[in-house]
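Here is a friendly walk through one model, strand by strand and then ring by ring. Keep the viewer open as you read.

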Amino acid sequence: MDKKDFYIFLDIDGTLYDWDYEIPLMEAGIIPKGTITHFKPESMKALNYLISELNKDYNTNLVISATMRSRMKNTIQLLIDNGLEYDGEYYRTPIFDNPINRGKEINKFLEDKQNYDYVVIDDESFDFASELDTNKIIKAEMYHNALSMDMVKNFIENMELSQ
C-alpha cells in the first residue's frame, strides 16, 4: 500500500529560533548582529522528531514557506548546517505579491496534490484562519517560544486523535 504524502510547510524566523536564543549569541559576539546563522538546537531537535515520526506512516515532504525561500540553495544549506535530518526533496511555496497571503500560497502549492495531509509551522497568522485548517498549524512565537518538542508532540497527539 502506498503511503500518503505529508507536507511540512516550514517558516524559519520565529520558528527555528527566537530572540531569547539569538540575542545572547549576538551580545556575546558568537554571531554578528543581524545575521541569523544559528538555529535553536531544541527547535531543530523538534523538527527532526516531527519528520522522523511522520516518516513512519507518510512520505514526508519539506516545503519552505518562509521568506527565505527566495534563496533556496542558501536556506537548504543553513538548515543542514544546523542539523536538519531530512533526505527528501526540498520544495517551496509560490511567492505572491503580498506576504499576508501565505495561506493562499500554501493552497496554491497543494492545489494539484492528492492523498495528502499537512502541517504549517509558523510564528505569524497571515491569512491562515480563512485559508487553512487551523488544527494543522503549529504556532510558534518569535520572541520567546520557537518550535519545541512539546508543540510537536501535542500536534502529533491531536493528529492521531482526529484520525
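## Strands, helices and rings

Aspartate 5 stands opposite asparagine 59 in S2. The model you are looking at is predicted, so please read each value below as computed from predicted coordinates. That pairing of aspartate 5 and asparagine 59 is a good way into the sheet.

**The sheet**

Strand S1 covers residues 4-10, and seven bridges join it to S2 in the parallel sense. On the other flank of the pairing list, S1 runs parallel to strand S4 (residues 116-122), with six bridges between them. S2 in turn pairs with strand S3 (residues 90-92), again in the parallel sense, over three bridges. Put together, five strands form an open sheet with parallel pairing, in the order S3-S2-S1-S4-S5. S3 and strand S5 (137-139) are the edge strands; each has a single partner strand, so one side of each has no neighbour in the sheet. On average, and ignoring direction, neighbouring strands of this sheet are turned by 25° against each other.

Several bridge partners can be picked out in the viewer, and the table gathers them.

| Residue | Stands opposite |
|---|---|
| Phenylalanine 9 | valine 63 in S2 |
| Phenylalanine 9 | valine 120 in S4 |
| Phenylalanine 6 | aspartate 117 in S4 |
| Valine 63 | tyrosine 91 in S3 |

Valine 63 thus links up in two directions: phenylalanine 9 is opposite it, and so is tyrosine 91 in S3. Phenylalanine 9 also has a partner in S4, namely valine 120.

How much of S2 is buried? Six of the seven residues of this strand (residues 58-64) are buried, so S2 is largely enclosed by the rest of the structure. For S1 the count is five of seven residues buried, so S1 too is largely enclosed by the rest of the structure.

**Helices against the strands**

Helix H3 (residues 72-81) joins S2 and S3 in a right-handed β-α-β unit. H3 lies across S1, S2 and S3, and runs at about 130° to S3. Helix H6 (residues 149-162) lies across S1, S2, S4 and S5, running at about 155° to S5.

**The aromatic rings**

The structure holds 11 aromatic pairs. One of them joins tyrosine 7 and tyrosine 116 edge-to-face, with 6.1 Å from centre to centre and 70° between the planes. This pair links distant parts of the chain, since tyrosine 7 belongs to strand S1 and tyrosine 116 to strand S4, 109 residues apart. Tyrosine 7 is buried, at 5% relative accessibility, whereas tyrosine 116 is partly exposed, with a relative accessible area of 27%.

Phenylalanine 9 and tyrosine 118 make another edge-to-face pair, at 6.3 Å centre to centre and 80° between the planes. Here as well the link is between distant parts of the chain: phenylalanine 9 is in strand S1 and tyrosine 118 in strand S4, 109 residues apart. Both phenylalanine 9 and tyrosine 118 are buried. Ring pairs bring Tyr7, Phe9, Tyr91, Phe109, Tyr116 and Tyr118 together in a cluster.

**A buried acid in S4**

Is aspartate 122 buried or exposed? At 0% relative accessibility, aspartate 122 counts as buried. This residue is part of strand S4. Its side chain makes a polar contact of 2.8 Å with the side chain of arginine 102. Leaving aside residues up to four places away in sequence, aspartate 122 touches Asp11, Thr15, Arg102, Phe128, Ile138, Lys139 and Ala140.

**Two positive phi angles**

Which phi values deserve a look in the backbone? Asparagine 115 is not a glycine, yet its phi is positive, at about 55°. Asparagine 115 sits in the loop between helix H4 (102-110) and S4, and is exposed, with a relative accessible area of 52%. Phenylalanine 126 is not a glycine either, and has a positive phi of about 45°. Phenylalanine 126 is placed in the loop between S4 and helix H5 (128-131), and counts as partly exposed at 24% relative accessibility.

Note on methods
Residues numbered from 1 in each chain as written. Heavy atoms only, no water. Buried < 20%, exposed > 50% of the residue type's maximum accessible area, 1.4 Å probe, protein only. Helix = DSSP H or I, 4+ residues; strand = E, 2+ residues; numbered from the N terminus. Pairing = 2+ DSSP bridges. Right-handed = clockwise from strand over helix to strand, strands pointing away. Axes fitted to C-alpha atoms, helices over the stretch in contact; angles between N-to-C directions. Contact = heavy atoms within 4.5 Å. Polar contact = N/O pair within 3.5 Å; in protein donor to acceptor, adjacent residues only side chain to side chain. Phe/Tyr/Trp six-rings, centres within 6.5 Å; stacked < 30°, edge-to-face > 60°.
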